[in-house]
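Colleague: Hi! Could you walk me through this one? I'm new to reading structures.

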Amino acid sequence: QVQLVESGGGLVQAGASLRLSCAASGRSFVGYYMGWFRQAPGKERDFLGAITWSGGNTYYADSVKGRFTISRDIAKSTLYLQMSSLEPEDTAVYYCAAAWNVYSSRPYYNPGSYEYWGQGTQVTVST
């Protein structure tokens, strides 16, 4: 079955950089959108960015554009989220997800468009 396993989270100081990984397995992800989301306590799950697995086209939320970069290594079947200039407000559980049916009424920035989710990895940014 499909598995998405995040890793790389941890406790860092403000201003630091961190790279999260998401190992994807269980099927071919050709044609999929792969997304990164985060959820802070008491808040909704927020879209951070997405990448098309096949073409590598990237899309970002305005809130992280310029600080976060999404990439993928097809040979390793792994998705990455490179985060820089981290702030305490970035503290959250970070999730990767995979979506097949992305179109106008199921946009890539909507968590409900994603069929598969990882278990999440905690990122804590201290002052």
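Modeller: Happy to! Keep in mind that this is a predicted model. A good place to start is the disulfide count, which comes to one.

Colleague: Which cysteines form the disulfide?

Modeller: C22 and C96 do, with their sulfur atoms 2.0 Å apart. The link between C22 and C96 is right-handed, with 60° about the S-S bond.

Colleague: And what does the pair tie together?

Modeller: C22 sits in strand β3 and C96 in strand β9, so the disulfide ties together parts that are 74 residues apart in sequence.

Colleague: Are C22 and C96 buried or exposed?

Modeller: Both C22 and C96 are buried.

Colleague: Cool. Switching to the core: how many residues are in the largest nonpolar core?

Modeller: It has 37 residues. Those with the most contacts inside it are F29, M34, W36, L81, M83 and Y94. Several strands give two or more residues to this core, including β3, β4 and β5.

Colleague: Which element gives the largest share of this core?

Modeller: That's β9, with six residues.

Colleague: You mentioned Y94. What does Y94 touch?

Modeller: Leaving out residues up to four places away in sequence, Y94 touches quite a list; among them are L20, F37, L48, F68, L81 and V123.

Colleague: New topic: how do β7 and β8 run?

Modeller: They run antiparallel, joined by six bridges. For instance, T69 has Q82 in β8 as its bridge partner.

Colleague: And what's between the strands in that hairpin?

Modeller: Four residues lie between β7 and β8. In this hairpin, S77 takes a positive phi near 50°.

Key:
Residues numbered from 1 in each chain as written. Predicted model: local features only at pLDDT ≥ 70, side-chain atom pairs only at ≥ 80, totals over all residues. Heavy atoms only, no water. Core = buried A, V, L, I, M, F, W, Y, C linked by side-chain atoms within 4.5 Å. Buried < 20%, exposed > 50% of the residue type's maximum accessible area, 1.4 Å probe, protein only. Contact = heavy atoms within 4.5 Å. Disulfide = S-S within 2.5 Å. Pairing = 2+ DSSP bridges.
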